[in-house]
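The following exercises concern salt bridges, cysteines and nonpolar cores. Each task is followed by a solution in steps.

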Amino acid sequence: MISLIGIGVDEGNISFNALKAIKDADVIIKDVNFKPSAFMFDYIMVKEVIGDDLGDNTSKIELAVSASREGKNIAFLSADYSNVHLSNLLINVSSKFKDVELKIYPAISSVDFAASILGAPFDDYAVIKLNNPLSPLSEIENKLETTAKSNLVLALYSPVGVVDEDIEFERFNLFKDIFKNIRGDTTLVAVVNSDADFKIIQLADLNEDMVQEDSLLVVGNSMTHLTEGYMVTGCEYLLENPFMQSSREFYEKYMNGESPRGIDEECEFLPCHEILETCDYCYCPFYPCADNLTGGVWIKEKNVWSCMACDWVHRKEVVEFIRPRIDSILNEVDDVKNKHEELLKIRRECLLNVKLE
């Protein structure tokens with residue numbers, strides 16, 4: 001039996017099943033990137049350890065297969081994403097023999113590790129190993145362009161390394177050029193290292209000195225923003241619309257076609273926002289969105305969501321996009337309250353499709 005055991009970047013979160021597999025093993029083999037801590041050393045030191053003189057994982061996997069065929073129970077310890085990368089190699093090598101059993105134990109990967117540090121950076125996301133020696137530059141370029149255009153959050157492994165013509169930063173600079181061209185300089189990027197050191201910056205400020213071979217880059221999408229120092233993508237906080245009387249009165253006029261379109265020059269509160277291009281939705285149909293992305297904030301001492309700093313729903317392009325969609329689902333005034341979730345879907349659709357200067 002060969003147990004491929006992912007230790008991950010945070011050894012304290014190794015599973016009980018993985019620890020039991022290590023205890024039950026006759027022989028330990030470590031991948032080339034795995035350096036046991038004092039915690040793991042206590043489990044390893046009482047076992048026979050082989051293969052430390054081998055400099056590549058292919059040779060180590062072949063050794064594990066050979067030892068397994070001799071009847072030994074092998075624990076192959078791997079750093080990080082073993083259930084994705086090394087498992088492929090192990091299956092291909094062991095498939096030549098019918099008498100080799102495999103079991104794969106997952107780990108806390110660097111993606112999970114980074115997410116726990118950064119806050120909530122991932123929504124739908126892609127994972128790319130930038131400096132994969134078996135992936136030609138054209139394949140990497142296609143993957144990067146596809147990910148950038150799809151608005152997926154990107155987790156980027158191995159951001160620097162010597163792959164093509166000994167140019168260490170060729171693929172790193174290719175990544176930057178593609179994402180700057182498609183997503184723009186202000187895209188949020190986090191650089192997370194295995195020692196939990198991290199920084200969150202804009203893509204324009206990312207440079208070669210900030211990254212290491214074992215760094216993980218988390219590249220945000222158009223919904224990614226900073227909230228209380230955390231990197232957050234989208235908003236999963238669904239609050240009930242309180243639908244106050246003033247809002248109800250506005251939407252009664254709205255449903256009767258009596259609410260203003262464009263700037264309401266007669267309003268005594270003008271100018272109510274820094275950017276005000278239309279008063280069509282004086283009372284926001286999405287309140288409360290609880291999403292800092294467009295400028296709203298919590299008034300913490302009162303536990304009230306404030307839209308004072310949000311100009312988004314007062315922009316012409318936004319209103320042109322949302323008005324026909326809102327009108328298609330509002331049949332009566334109470335729908336503003338009762339269809340709050342449907343309205344928030346319209347808001348998200350607009351955020352993904354309308355790019356404001």
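**Exercise 1.** Determine which side chain meets that of Arg 69 in a salt bridge, and where the two residues lie.

Solution. Step 1: apply the criterion, a side-chain nitrogen of Lys or Arg within 4 Å of a carboxyl oxygen of Asp or Glu. The side chain of Arg 69 meets that of Asp 99, at 3.1 Å from N to O.
Step 2: place the partners, taking helices (H or I, at least four residues) and strands (E, at least two) as DSSP runs numbered from the N terminus. Arg 69 belongs to helix α3 (residues 57-69), whereas Asp 99 is in the loop between α4 (86-94) and β5 (102-105); the pair links distant parts of the chain, 30 residues apart.
Step 3: classify exposure, where buried means under 20% relative accessible area, exposed over 50% and partly exposed in between (1.4 Å probe, protein chains only). Arg 69 counts as partly exposed because its relative accessibility is 42%. Asp 99, at 41%, likewise counts as partly exposed.

A note on the basis of these solutions: the model is predicted, so that local features need pLDDT of at least 70 and side-chain atom pairs count only at pLDDT 80 or more, while totals for chains, interfaces and linings use all residues. Residues are numbered from 1 along each chain as its sequence is written, and side-chain values use heavy atoms, with hydrogens and water left out.

**Exercise 2.** State how many salt bridges a search of the whole structure finds, and analyse the pairs formed by Arg 348 and Glu 240.

Solution. Step 1: the search finds 14 salt bridges.
Step 2: Arg 348 pairs with Asp 123, their closest N and O atoms being 2.7 Å apart. Because Arg 348 lies in helix α11 and Asp 123 in the loop between β6 (119-120) and β7 (125-129), the pair ties together parts 225 residues apart in sequence. Arg 348 is partly exposed at 32% relative accessibility, and Asp 123 is partly exposed at 26%.
Step 3: Glu 240 pairs with Lys 337, with 2.8 Å between the closest N and O atoms. Glu 240 is in the loop between β13 (230-233) and α8, and Lys 337 in helix α10 (residues 335-338), so this pair ties together parts 97 residues apart in sequence. Glu 240 is exposed, at 61%, whereas Lys 337 is partly exposed, at 27%.
Step 4: a network of salt bridges links Asp 280, Arg 323 and Asp 327.

**Exercise 3.** Establish how many disulfides the structure holds, and examine Cys 272 and Cys 307.

Solution. Step 1: a disulfide requires a pair of cysteine sulfur atoms within 2.5 Å. The structure holds zero disulfides.
Step 2: for Cys 272, the nearest cysteine sulfur is that of Cys 279, 5.9 Å away. Cys 272 is partly exposed, at 35% relative accessibility.
Step 3: for Cys 307, the nearest cysteine sulfur is that of Cys 284, 5.6 Å away. Cys 307 is partly exposed, at 28%.

**Exercise 4.** Identify which residues touch the most other members of the largest nonpolar core, and which helix gives the most to this core.

Solution. Step 1: a nonpolar core is a set of buried Ala, Val, Leu, Ile, Met, Phe, Trp, Tyr and Cys residues joined through side-chain atoms within 4.5 Å. Of its 28 residues, Tyr 251, Tyr 281, Phe 286, Trp 312, Ile 322 and Ile 326 touch the most other members.
Step 2: α8 (245-255), α9 (316-329) and α11 (340-353) each supply at least two residues of this core; α9 gives the most, with six.
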